[in-house]
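Please examine the following structure with attention to its aromatic side chains. The explanation below considers how their rings are placed and which charged groups accompany them.

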Amino acid sequence: MSVLTRDEAQTRSRLLDVHHYAIDLDLTRGDETFDSRTVIRFTVRGDTDGTDTFVEVKPAELRSVTLDGQPLDPAALDENRLALKNLTPGEHELRVDAAMRYSRTGEGMHRFTDPSDGETYVYTQLFLDDVQRVYAAFDQPDLKAVFDLAVTAPEGWTVLANGVTEHTGDGHWKAATTPLISTYLVAVAAGPWHSVRTEHRGLPFGIHCRRSLAPHLDADADELLDVTRACFDRYHEKFDEPYPFDSYDQAFVPEFNAGAMENPGLVTFRDEFVFRSAVTDTQRQTRAMVIAHEMAHMWFGDLVTLRWWDDIWLNESFAEYMGYQTTAEATRFADTWTDFGVTRKAWGYDADQRPSTHPVAPENVQDTASALLNFDGISYAKGASALRQLVAWLGEKDFLAGINIHFERHKFANASLADFIDSLAAATDRDVHAWADAWLRTTGVDTLVPSVTGDNGNRALTVHRTGERPHRIAVGLYDQSPGDEGRLTPRERLGIDVPQAEPRPIGKLPALVVLNDGDLSYAKIRFDPDSFRTIRESLSGLPDPLTRAVVWNALRDAVRDGELPAATYLDIARTHLPHETDLALVDGVLAFAAGQIADRYATPEQRPAALNTLADLCRDLIRRTEDGDHPGLRLIAVRHRIATAAHPDTIAAWLADGTVPGGPELDPELRWRILTRLAVLGATDEAAIAAELANDPSATGQEGAARCRAALPDTEAKARAWEAMFASDDLSNYLFTATAQGFWQPEQADLVRDYVPRYYTEAVALAARRGPAMADAAGRWAFPAHAVDADTLRLGQDCLADAEPIPALRRKLTDQLDDLARALRVREANTH
């Protein structure tokens, strides 16, 4: 498929005004294809005859095309482009009739049949250039138009779209005309949905899921709608421009590739957010944040849309920042920034230290394939961190004033970084352009290091910086609590601009100095020697979970940089995590300790001791929660106890009894977790997996069974799993991911050794056949991450040099190989 370049988009944008799309989809044509008929009305600018351009469409069959009533040859379609030649200035009408393929990879029009009840659902995911899989379009974000959508669906289905839909009889549905929106934001979701509907501020609101999840949606409907209403109201307090669409539907859809998608008026979410098993309050908080994130896009992304994909951060960084901030302000989840610090910020730090890093606002996004690679920890987490630093520097009042100027200037249109900065500059006397150059046009993570000088009660603090960015940070000074050596008392929180003009007097020596306390900037931090001793002894005595998150992130960074032995990190976790109360912190520290330290940074000889430490830690947490007062903490501990089990006896007994002693009872999610770990340890078999699947034949059960079967330490099981992933294209995106998650296991390195070189060849072929979404899955989940050795690194480097993987896979392999090289360096540092 030809990708659209920035130059081509700019040329077409100068040439055309696109006014209106009439799209008619027929979803009753069978399991493989649907019919798509599109009428596009557009104007050619200028006064010169003979202008050429093209329209994009990627059909199974292109039946007919007419331009101004004259037929064009469908055979002239060149990959995904149909040339429109010799256009005269003025009005034109293009009609395209095609059969389009349903997708099983989450791209275009995805089709899913629920194994629980046999019901079928379809939905669109048209980002970034997958519009062409559903309807013909001038497919670029700055050619906004008005859309009218009609859908023919099977009897008993409900059709959802960007606007209010009406069933006109005989399976025919019509959606209300949209305002001006970009092509990639058109959305359809059709099937026998279970729906909960209400109204808020005179607008229809709805939440929807497949019927088999109906009891679980109903159980959480009040919470989902309360969060939606609270965020909606809070945005109307922040933004002068009212919500710009006629309704607000949220559809939880199966096998979704992202967390959610901001289609105006019809946000689609992965339906794992309809919780069918026990979850922690942090997981509920994450769901609330995603709701707030997607709603923020209604203004920033949908009302005002980027002009070209180099400004994707304008969409995602803004929504990421607003999602966390608004959830903290408007809902019961007040500690969202702690979760951001633990989970999202680490994502940004890691991405920014790889060779694939890029500025938050890159200047060289030449085509759509390159743009797709930038949906990463930089565009989301680093960008949101930069905006949080901007608010700290600018003040929230001026920041929101600039945002509202931006909406007023560019509503229902497109804008660039320069437009955004100009809007902010109109609201403040500060040099926002210089700030943008320093924060948005540069790469890498600064490191902030404290030094304390002087003696007795005349100490002074200096913050040293690597890098060139200015930072406005808070510095926390903490003293040991009198009579309680394990508890730390805040003495003072200093506001410091880095670089400093001069050292800052701080009086007597504090027990602990925490740079970037409150996590308002984006930088790695280090500790002076006295502070590090305090951390080892008293980390859990810090009163604020966000401060503890900053400290844990600093320890994590030090391990990854080879400056802190992994064993020391585990010792600190073993000492302090049993006293931790914040669920996001407990989960984040355990996930890093197990997934990175035990699985990658520890050598095979060191791994049993690391797993034993983590198992002991989890047992401590389980004992601490026996009173039943901390169900979320207990659930996290049980999950990680399962994942770190080196021997099957305990967890096998849990599975046989259907409960953990003292609770919780095993719901489907925990049962599949245990069965997967038992498969890894060779303590279950196909018969047990089949029996579990018979008890849970849901889509999640199908994924659990695929994961377990791939994890069995058996040559035939591995061969079957490999063939399913790479020799056929039958697996959906989710079943591929589940199989890949089960396949590679550190305990089975010898068994799967011969598959490591095969991976590079076969992943390249798979990505070429199945496209970017499956390339991402193959690079993310099917990569042999357990194989931390020079041979794996060399094979990967040879693949990048010689095999020409498509851009999506090349990016994933580049990142994976950099992580592998880092793991080798950490191992080397930990053995000296």
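In this predicted model, a suitable place to begin is Phe42, which counts as buried because its relative accessibility is 0%. Phe138 likewise has a relative accessibility of 0% and therefore counts as buried.

These residues form one of the 51 aromatic pairs that the structure holds. The ring centres of Phe42 and Phe138 are 5.1 Å apart and the planes meet at 70°, so the pair is edge-to-face; the angle exceeds the limit, since planes over 60 degrees apart count as edge-to-face. The contact links distant parts of the chain: Phe42 belongs to strand β2 (residues 33–44), whereas Phe138 lies in the loop between β9 (120–125) and β10 (146–152), and 96 residues separate the two.

A second pair is formed by Trp435 and Trp439. Their ring centres lie 6.2 Å apart with the planes at 20°, so this pair is stacked; the applicable limit is that planes under 30 degrees apart count as stacked. Both residues are located in helix α10 (residues 432–440), where they are four residues apart, about one turn of the helix. Trp435 and Trp439 are both buried.

Charged side chains also meet aromatic rings. The ring of Trp439 has the charged end of Arg469 sitting over it, 5.4 Å from the ring centre. Trp439 thus takes part in the stacked pair with Trp435 and also lies beneath the charge of Arg469. Elsewhere, Lys718 is placed over the face of Phe743, at 4.9 Å from the centre of the ring.

Key: Residues numbered from 1 in each chain as written. Predicted model: local features only at pLDDT ≥ 70, side-chain atom pairs only at ≥ 80, totals over all residues. Heavy atoms only, no water. Phe/Tyr/Trp six-rings, centres within 6.5 Å; stacked < 30°, edge-to-face > 60°. Buried < 20%, exposed > 50% of the residue type's maximum accessible area, 1.4 Å probe, protein only. Lys NZ or Arg CZ within 6 Å of the ring centre and 35° of its normal.
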